[in-house]
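Colleague: I would like to go through this structure with you step by step. Please keep the answers plain.

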Amino acid sequence: MKSARFLLILILFICLISALHVLLIGKTVTAAKLIPKTFGMPSRYYQVGPNPNAIAVADLTDNGLPDIVTVDRGELHNPREERPANDEISLLLAELPLDYARRHPSLKTGFAPYAVALANVDGLKWPDIITVNFHATRHRDVSVFLNFKDDGIFKPIEFEIPANFLSYRRHYDAEGIPMFTTPGLTAVAIRDLNKDGLRDLIATAWSSDVLVFMPGHEEKIFGAPRLMPAPGGPRAFALTDLDDDGAPDLAVAMYATSEVALFKGDETGNFTECDRFPSRGALPTTLLAADINQDGKTDIITSHAHTDDNIVIFYGDGPFRFPVSQEIMLGKDRKVLEQEIRDIAVADLNNNGKMDIVAACYASQQVTVLFNESEDAMMPQHFRHESYAFEEGRPRAVCIADFDENERPDIAVALWETNTVGIMRNVL
C-alpha cells in the first residue's frame with residue numbers, strides 16, 4: 001500500500017515538473033517574440049541601374065532632404081570589349097521624406113563606376129558627385145559631376161590617370177592578357193589634404209598597387225595626379241588622424257596580401273607607409289575608422305567578403321598602434337562562406353552614445369546590425385545581433401542617414417539582382 005502511494009506521489013511530481021517546464025518554455029518563447037526589432041523592412045523599393053556597387057547620401061537639391069546616389073557598375077567583362085561594364089550613376093531625389101523620384105536620364109560615367117564621394121569641389125553651395133571607375137577606358141578614370149542646382153544640371157568633367165606611370169599587378173587570363181584595366185580605382189575620398197582651401201582627391205588603385213592623390217585646382221577642379229606606392233592590392237581605406245598631430249593619415253585594406261597598412265600624412269598630400277599587420281582574414285574588402293569602445297582613440301574596422309564571414313575591430317592604443325583586436329563572426333561555420341559581407345557602415349543607431357555596425361551580407365540576403373551594448377571601454381566589446389532577411393535582392397552596399405526626419409538614423413540598402421534601393425526605417 002505504501003509502495004502504491006509512493007508511486008502515485010512520484011508520478012504526480014513528474015507531471016508537475018513537466019507542466020512547469022512547458023510553462024517556462026512558453027513564457028521564454030513568448031518573451032522572445034515580444035522583443036521588437038529596431039528597423040522595419042522597406043515598404044517600397046526604388047529602381048536604380050544594374051549592380052549598384054556603392055551608395056551615398058547628401059542633400060543635392062537644397063530642399064533639406066537627403067538624396068540618394070548609387071554607382072551602377074554592371075557586370076565586369078573583358079576590358080577589350082566595346083562595353084566592358086556599365087557606365088551610369090542613379091540619382092534618387094527626395095520630393096518628400098521617404099518619397100523619391102529617379103532622375104532621368106542617369107548620369108554617364110566611365111565604365112564600372114566603383115565608389116562615390118559627395119562633396120563641394122567647385123566652390124558653389126551644393127555637393128557635387130565624384131566617382132572612380134574601375135574598368136575605365138578612353139581616359140575616364142575619374143568622373144566629376146558639378147552640381148549647378150539653379151540650372152537643374154550636373155556638368156560632367158573627366159580625369160585621366162596617365163597609363164605611362166602605371167604598371168599592372170593583378171590577374172591575367174589564359175592568354176596572358178590582363179583581366180582588368182589600370183589603375184583599377186576602388187575607393188575615393190574628398191578632403192582638403194594640403195591645407196590650401198581646396199578639396200583634394202585621394203583614391204586606391206587596386207590593379208596598380210598605388211595610392212592616387214589629385215590636388216584641388218581653382219579652375220580645373222583637380223590637378224595632375226601624384227602616385228604613391230602601396231603594394232598589396234589597396235582596396236578600401238579610411239582617412240583619419242592616427243597620431244593626433246592634426247594631419248589626416250590613412251588606414252588601407254590590402255586585398256591581395258590580407259593586411260591593414262598604415263600611412264602617415266604630411267599635410268601636403270603625401271602619404272608614407274609606416275606599418276602594416278594581418279587583417280585576420282583573407283581578402284579584406286572594407287575598412288572604416290571610428291572610436292568603437294569610446295576611449296578617445298581611433299579604432300579600425302574591416303571585413304572579408306570572399307573567404308571569411310567575420311568583422312574585425314582593431315583597437316587603437318597610441319600613435320599607429322593597434323595591439324588588440326576582436327573578431328565578430330556572422331556565420332556559424334568558419335569553413336563555409338554563409339554571409340559574404342560586401343559592405344559595412346558604422347554609426348550610433350540607438351542613441352546610446354556607442355558605435356554600432358551594419359553589414360550588407362550578399363550570400364545570405366541579409367542586413368545584420370551589431371548593437372554595441374558594452375558597459376565600458378573594456379575589450380572585447382559586447383554586441384547584440386539583429387538580422388533582416390530580404391526575400392528578393394542581395395544586399396551589396398549600405399549607408400546611414402535620417403531619411404524620415406524623426407531624428408533617428410535609418411539604413412539605405414542597395415540590392416543586386418533586383419537593382420533597387422530600399423530604406424530600413426528606425427522604428428524604435
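Colleague: What share of the residues of the protein chain count as buried?
Modeller: This is a predicted model, and the values are computed from it. A residue counts as buried when its relative accessible area is under 20%. The protein chain has 428 residues, and the share that count as buried is 53%.

Colleague: How many helices and strands are there in the protein chain?
Modeller: Along its principal axes, the C-alpha trace spans about 105 × 50 × 45 Å. As for the elements in the protein chain, there are one helix and 31 strands.

Colleague: What volume does the largest pocket have, and which residues are the closest to its centre?
Modeller: The volume of the largest pocket is about 1,400 Å³. Its lining is made up of 48 residues. Strands that give two or more residues to this lining include β7 (113-119), β11 (185-191) and β25 (341-347). The residues closest to the centre are Ala115, Thr186, Ala187, Ala236 and Asp343.

Colleague: How does the lining of the largest pocket divide into nonpolar, polar and charged residues?
Modeller: Alanine counts as nonpolar, threonine as polar and aspartate as charged. Sorted in this way, the lining of the largest pocket has 35 nonpolar, seven polar and six charged residues.

Colleague: And the second largest pocket: what is its lining by class?
Modeller: The second largest pocket has a volume of about 160 Å³. Among the residues that line it are Arg138, His139, Arg140, Thr181 and Thr182. By class, the lining has four nonpolar, four polar and four charged residues.

Colleague: His139 lines that pocket, so is His139 buried or exposed?
Modeller: His139 lies in the loop between β8 (128-133) and β9 (142-148). His139 is not a glycine, yet it has a positive phi of about 65°. Its relative accessibility is 53%, and the cut-off is over 50%, so His139 counts as exposed.

Colleague: Where is Glu267, and is it buried or partly exposed?
Modeller: Glu267 is another residue with a positive phi of about 65° although it is not a glycine. Its place is the loop between β19 (259-265) and β20. Because its relative accessible area is 34%, Glu267 is partly exposed.

Colleague: Which residues does a cis peptide bond join?
Modeller: One such bond leads to Pro183, in the loop between β10 (153-159) and β11. Another leads to Pro380, in the loop between β27 (366-372) and β28 (383-389). In each bond omega is about 0°. The residues joined are Thr182 and Pro183, and Met379 and Pro380.

Colleague: How far apart in space are Pro113 and Ala54?
Modeller: Pro113 lies in strand β7. At 0% relative accessibility, Pro113 counts as buried. In sequence Pro113 and Ala54 are 59 residues apart, but C-alpha to C-alpha the distance in space is 8.8 Å.

Colleague: How many aromatic pairs are there?
Modeller: Two rings pair if their centres lie within 6.5 Å. Ring pairs link Tyr114, Phe134, Phe180, Trp206 and Tyr255 into a cluster. The count of aromatic pairs comes to 12.

Colleague: What is the angle between the planes of Phe277 and Phe314, and how many residues apart are they?
Modeller: The rings of Phe277 and Phe314 are 4.9 Å apart, centre to centre, and the angle between their planes is 55°, so the pair is tilted. Phe277 is in strand β20 (residues 271-278) and Phe314 is in strand β23 (residues 310-315), 37 residues apart.

Colleague: Why do Phe277 and Phe314 count as buried?
Modeller: The cut-off for buried is under 20% relative accessible area. Both residues count as buried because Phe277 has a value of 12% and Phe314 has 3%.

Colleague: Over which ring does the charged end of Arg396 sit?
Modeller: The charged end of Arg394 sits over the ring of Tyr362, 5.5 Å from its centre. For Arg396, the distance to the ring centre is 4.0 Å, and the ring is that of Trp416.

Colleague: How many disulfides are there?
Modeller: A disulfide needs a pair of cysteine sulfur atoms within 2.5 Å. Cys399 is in no disulfide, and the nearest cysteine sulfur, that of Cys361, is 16 Å away. Cys399 is buried, with a relative accessible area of 10%. The count of disulfides comes to zero.

How values were computed:
Residues numbered from 1 in each chain as written. Predicted model: local features only at pLDDT ≥ 70, side-chain atom pairs only at ≥ 80, totals over all residues. Heavy atoms only, no water. Phe/Tyr/Trp six-rings, centres within 6.5 Å; stacked < 30°, edge-to-face > 60°. Helix = DSSP H or I, 4+ residues; strand = E, 2+ residues; numbered from the N terminus. Buried < 20%, exposed > 50% of the residue type's maximum accessible area, 1.4 Å probe, protein only. Lys NZ or Arg CZ within 6 Å of the ring centre and 35° of its normal. 1 Å grid on protein atoms, 1.4 Å probe; cavity = no way out; pocket = protein on both sides within 12 Å on 5 of 7 lines; lining within 4 Å. Points joined across faces, edges and corners; volume = space filled by probe spheres on them.
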